[in-house]
Amino acid sequence: MSEYKSDLLRLLDERGYVHQMTDAQGLDALAARQIMPGYIGFDATAPSLHVGSLVQIMMLRRLQQTGHKPIVVMGGGTTKVGDPSGKDESRKMLTSQDIDDNIASIRTVFERLLTFGDGPTDAIMVNNDEWLSTLGYIELLRDVGPHFTINRMLTFDSVKLRLDREQPLTFLEFNYMILQAYDFLELARRYDCRLQMGGSDQWGNIVNGLELSRRMEGRELFGFTTPLLTTADGAKMGKTAAGAVWLNEDQLPAYDFWQYWRNADDRDVGRFLRLFTDLPLDEIARLEGLEGAEINSAKIVLANEVTRLVRGEEAAKSAEATAAQTFVGGGAGEDLPRLSLEEGMTIASALNALGFVASNGEAKRKVAEGAVRLDGEPVSDAAALVTRGKISLGKKKHAIIE
């Protein structure tokens, strides 16, 4: 067990969030001594974040649970530039209105997981456009530019990846790391923010901000990253064959969100319970110790707990009830995905339209394997027309055609 003195680092360590820290001893001492504001930045490129961002949101929750102050930084300014980290190509440009709308939509999820307000440990949400859009370009170049060398900027993975693949990296995106570093400095000035957290791919950006603040103002700041989260089969968190697992209800129905967790790999259950729920560690140890078919009850607990946190109590209950009706009672639960047709559609096209398969070829293979059912009866012809009924692919994917 860890030797950390602060509740914060003890909790983060016990629950599996620790990957790298810039100065573990210094950070631990500070967190044990005083209320410490810490931040994570989120881009506003879509109306919702997806499950890949949930570990970061949970880290802000852990910060608040241990008596510190979470700062959610929405990248209204940096979204205009685009973070090249992990991206093979430039993102499309969004208007200021698009970005503002996205931020308003994203905020709803944070409000479920954090307590916002004016108190010393209450969370705040700020938009880096506040300070980035008012910067004079020449002044920024003179003040901040000398602290960045091109040689070092070219060594960052986000830059190297593009150059190695001979993908264009625009000068606009090349500036992203300077602006993110400046964010840390500005948050330290405005809110005495001492900690920046992020995923392991953000390590370089975090260290940049730390060094900039030290060089320009002699501030002592800290950086913390979580491990790169992949599922047991090596897939990136939050991505499925059907697309991203969005946190907002408007982008993904509660039932589909619940199902994502219910379908977790057996090997991931314990880790996910530690990272994404508030269940006590001894209860998690009991659940992850279940074997054989019993592990399914642990997955239902996981799905319920995460859905409750992110979507609310009603969404979790409703999704679980729908699953019970669908799997046990063979019924058609209310929350199942629905496909409304004006006229008949082939089985293959319906499976495609629902996102159950990636192509008509895959649909034909699944039918040939006997994996597709309509109202409980096996389907033998992928070209057969369907107008209504409950369509199922395997045991886990179901939808209503009407």
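**Notebook: a helix contact, a buried helix and a mixed sheet**

I began with the contact in which Leu8, Leu11 and Leu12 of helix H1 meet Met59, Arg62, Leu63 and Gln65 of helix H3. I sorted these contact residues by kind and got 5 nonpolar, 1 polar and 1 charged. A reminder to myself that I am working on a predicted model here.

**Entry: geometry of H1 and H3**

Next I looked up how the two helices lie. H1 covers residues 7-14 and H3 covers residues 54-65, and their axes come within 9 Å of each other. The crossing angle is roughly 140 degrees. That makes the pair oblique, because only angles over 145 degrees count as roughly antiparallel. I also noted the hand of the crossing of H1 and H3, which is right-handed.

**Entry: helix H12**

How many residues of H12 are buried? I went through residues 254-262 and found 8 of the 9 buried, so I have put this helix down as mostly covered. The buried set takes in the aromatic-looking names I had hoped to check, Tyr255, Phe257, Trp258, Tyr260 and Trp261 among them. Ala254, Gln259 and Arg262 are also on the buried list.

**Entry: strand E14**

Then I moved to strand E14, residues 389-393, where 5 of 5 residues are buried. Which residues cover which side? Gly389, Ile391 and Leu393 sit on one side, with Lys390 and Ser392 on the other, and both faces are covered.

I followed E14 to its partners. With strand E11 (residues 372-374) the pairing is antiparallel, over 3 bridges. One pair I wrote down from there is Arg373 with its bridge partner Ser392 in E14. With strand E15 (residues 397-401) E14 also runs antiparallel, and 5 bridges join the two. In that pairing Ile391 stands opposite Ala399 of E15.

I stopped at the hairpin of E14 and E15, which has 3 residues between the strands. Gly394 takes a positive phi there, near 65 degrees.

**Entry: the whole sheet**

Last, I placed E14 in its sheet. What is the order of the strands? I read it as E9-E15-E14-E11-E12, an open sheet of 5 strands with mixed pairing. Strands E9 (338-339) and E12 (377-378) stand at the edges with a single partner strand each, so one side of each is left without a neighbour in the sheet. E14 comes between E15 and E11 in that order, which fits the bridges I had listed for E14 with E11 and with E15.

Key
Residues numbered from 1 in each chain as written. Predicted model: local features only at pLDDT ≥ 70, side-chain atom pairs only at ≥ 80, totals over all residues. Heavy atoms only, no water. Axes fitted to C-alpha atoms, helices over the stretch in contact; angles between N-to-C directions. Helix = DSSP H or I, 4+ residues; strand = E, 2+ residues; numbered from the N terminus. Parallel < 35°, antiparallel > 145°, perpendicular 65-115°, else oblique. Left-handed = near helix turned anticlockwise from the far one by under 90°. Contact = heavy atoms within 4.5 Å. Nonpolar A, V, L, I, M, F, W, Y, C, P; charged D, E, K, R; others polar. Buried < 20%, exposed > 50% of the residue type's maximum accessible area, 1.4 Å probe, protein only. Pairing = 2+ DSSP bridges.
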